[in-house]
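Biologist: Before we start, please take me through this model one term at a time. For each term, tell me what earns it.

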Amino acid sequence: MAKSKNAQTSQAAKRKLSEKQLHEMLYTMMLIRRFEEKALDLYSLGKVHGTMHLSIGQEATAVGASGALTQQDYLLNTHRGHGHCLAWGSQADLMMAEFMGKETGYCRGRGGSMHIANVDANNLGANGIVAGGLPISVGVGLSIRARNTEQVVMVVFGDGASNEGAFHESINMASIWNLPVIFLCENNQYAMSMPVEKSMNIDRISDRAAAYGIEGVTVDGNDVEAVYEAVHNARQRAIAGKGPTLIECNTYRYMGHSKSDRQAYRTRDEVKTWMDKDPIERLAGHLDMSKKDKDGLFKKAEAEIEKAVEFAEASPEPDVADIMEGVYA
Amino acid sequence: MPSPNGTREITYVEAVREALTQSMQADERVFLIGEDIGVYGGAFGVSAGMHAEFGGERVIDTPISEAAIVGACVGAALTGMRPVGEIQFMDFITLGMEQLVLQAAKVRFMFGGKATVPMVLRTPGGSGTGAAAQHSESLETWFTHVPGLKVVMPSSPYDAKGLLMAAIQDENPVIFVEHKLLYKVSGPVPEEPYTIPLGEPNIVREGKHLTVVATSIMVQRAKQAAEELAKEGIEIEIVDPRTLNPFDDSLMIQSVVKTGKALVVHEAVKTSGYGAELVSRIVESEAFDYLDAPVRRLAGLDIPIPYNRNLEYHAVPQVENIVAEARKLVRGEY
Ligand SMILES: Cc1ncc(C[n+]2csc(CCOP(=O)(O)OP(=O)(O)O)c2C)c(N)n1
Ligand SMILES: [Mg+2]
């Protein structure tokens, strides 16, 4: 199914990124994978509570998308947001500390996995509400226009989010006001247990763009270069005053929706088919990397994550005496 | 209604499921609609196995579209069906508020009493699972503030089954608030179908020193507190409204007349919480003349629910807080 959807794998993009850039991107993808594998371990050991949403298998979308934006741009992230957060340049140690609910974490342990933000770096946060970031992106777009800066905002959301009213209202507004918003839809084929085929009667989520008079494209979300290219083009358009773009990235999550998911709605074969299209393996293959070099890079990522865990574990818990802080400015 | 005594024990989640199953077996107008309630069995497993038993026409999985889920219930209810919608977490009802508050609640009145909206909206509320601020809300008073809606909050498996079966048979829109931490709590539940009338409170425990009025998970915590307090010779009486609106307050008022002291406990934030309603009812009644101490509220802090485990714990009343507060009231320290 995804094959027919991924009509435009972009040859052009492959020439845009240098070998060095691609190596950096590969490293970030490995870092994301190791971060999330570690998160899972910590959860299993009872060191974190709550739930979490892992993006293992979707790393190329996060890395390709952030890679095409600048430090001045804005990010609005989803509940499945560790990857985008790391790709945005966030520190693994401060993220890990947040994940473990520590005072040193990005949100002082108040937000947790689903709400990691780094407002200083224009990362306006992950969101626990499906489609919660879309209306906000309209406001960020308005603000960029009012301040007359060369910025764009990228809002990330899932296939499932595109069935919320907020998706439709926001895209329409961004369209009529020609705002510099990039709507990045990560189509990982499921919204929890709901397959895309059963939740909408269209083949491509990007087709919805036409209803609002904006540009819509579908790309192979496991191809980091294709994602980069699409977001790069969308940014150019936005900066040139040509308005928002809806980009659909076809990808797949290997793990369950969250920790409590028994995955009765899909088959092992299906998961395996997608694992064969693994974004990290693909990029490593494209770069003609030896197994030794690849393992070496993974080792480096592991070491960075280990250090992040050490930092988080050594960090203090929030003080209960401060519990009322931060509700009002 | 059958007594819970001497029957088998099941969990709260099983009790909710049994109420749904028996209601669907008895009345083919009843159907379920919500996100991931089919093969997945619901985010908390409430409808596990029901898709296999009743099929996709009666256990309907929806896209993520809360406004349309609530609206679909309204439309189906208006035209002869008895929908039971599930809102996956209480927090997400915010996306369905218009259909609930401005449509479901008011249609009958606006149409001069000529329409009925017999629908139930089930949803799990509360904190304690580490799900943080957007998945831990206790919003029940948003609904008690809307004439036309009924609001039910069962605190035990027995109440969950009987109240849900009554809610499904009721002719009005009912918000049925479950609690995530109660799902695994076990208790005696009769196997046969039964209903508990909406609006009737329950005296969960008798005592003479203090009336504790508690809702949902706080009833369980008040029961544990009562055991601690009994060791010190303090006997608290626990009143569970079970239905927040409508609520027949006479049992609560009689209890306060007897004990002369009242403590109200709920998880939702204190400011403008349901406790304010309960306290008002007490002080407006004849119980006022019998009060020996200020009527106190113990409730969630006025903050969103924090992620950190320890902060989360301290954000809402725990057993030890109820013990301490009850002790002070009974010892005349207020
Ligand atoms: C408004 C709202 N409804 C429901 C949920 C529960 N929920 C969290 S994630 C999710 C699935 C989201 O699917 P999708 O948008 O495709 O993102 P994915 O999880 O696949 O990354 C659901 C139903 C929620 N968080 N917010
Ligand atoms: Mg999805």
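Modeller: Start with the metal site, keeping in mind that this is a predicted model. The magnesium ion (ligand 2) has D159(A) through OD, N188(A) through OD1 and Y190(A) through O as its protein donors.

Biologist: What makes these residues donors of the magnesium ion (ligand 2)?

Modeller: Distance. Their atoms lie 2.0 to 2.1 Å from the ion, and the cut-off for a donor here is 2.8 Å. The values meet the cut-off, so the atoms count as donors.

Biologist: How are the donor residues spaced in sequence?

Modeller: The pattern is D-x28-N-x1-Y. D159(A) sits in the loop between strand 2 (153-158) and helix 8 (165-176) of chain A, while Y190(A) belongs to strand 4 (residues 190-191) of chain A, so this pair ties together parts 31 residues apart in sequence.

Biologist: Now chain B. Which domains does the domain assignment give it?

Modeller: Domain 1 covers 9-188 and domain 2 covers 202-331. Taken over C-alpha atoms, the centres of these two domains of chain B are 26 Å apart.

Biologist: How do you know that domain 1 of chain B and domain 2 of chain B are in contact?

Modeller: Contact requires heavy atoms within 4.5 Å. By that rule, 27 residues of domain 1 of chain B are in contact with 23 residues of domain 2 of chain B. Between them the two domains bury about 2,000 Å², with 55% of it on carbon and sulfur atoms.

Biologist: Why is the pairing of D159(B) and R242(B) called a salt bridge?

Modeller: The cut-off between a side-chain nitrogen of Lys or Arg and a carboxyl oxygen of Asp or Glu is 4 Å. For D159(B) and R242(B) the N to O distance is 3.0 Å, so the pair qualifies by the rule. Across the interface of domain 1 and domain 2 of chain B, one salt bridge is found, along with 12 residue pairs in polar contact. On the domain 1 side, helix 6 (140-144), strand 6 (150-152) and helix 7 (157-169) of chain B each supply at least two of the residues that touch domain 2. By class, that side has 12 nonpolar, 12 polar and three charged residues.

Biologist: And between the chains, how many residues does the contact take from each?

Modeller: Chain B gives 33 residues and chain A gives 41. The two chains bury about 2,900 Å² between them, 62% of it on carbon and sulfur atoms. In chain B, Y40(B), I64(B) and Y307(B) lose the most area to chain A, together 28% of what that side buries.

Biologist: How many salt bridges does the rule find across the interface of chain B and chain A?

Modeller: Zero. The interface does have 11 residue pairs in polar contact. Helix 11 (residues 309-315) of chain B supplies the largest share of the chain B side that touches chain A, six residues.

Biologist: One backbone term remains. What makes the peptide bond from N245(B) to P246(B) cis?

Modeller: Its omega is near 0°. P246(B) is in the loop between strand 12 (243-245) and helix 9 (250-259) of chain B.

How values were computed:
Residues numbered from 1 in each chain as written. Chains lettered and ligands numbered in written order. Predicted model: local features only at pLDDT ≥ 70, side-chain atom pairs only at ≥ 80, totals over all residues. Heavy atoms only, no water. Domains from an automatic or database assignment. Buried area = accessible area lost by both parts, 1.4 Å probe. Polar contact = N/O pair within 3.5 Å; in protein donor to acceptor, adjacent residues only side chain to side chain. Helix = DSSP H or I, 4+ residues; strand = E, 2+ residues; numbered from the N terminus. Nonpolar A, V, L, I, M, F, W, Y, C, P; charged D, E, K, R; others polar. Donors = N, O, S within 2.8 Å, 3.2 Å for Na, K, Ca; no water.
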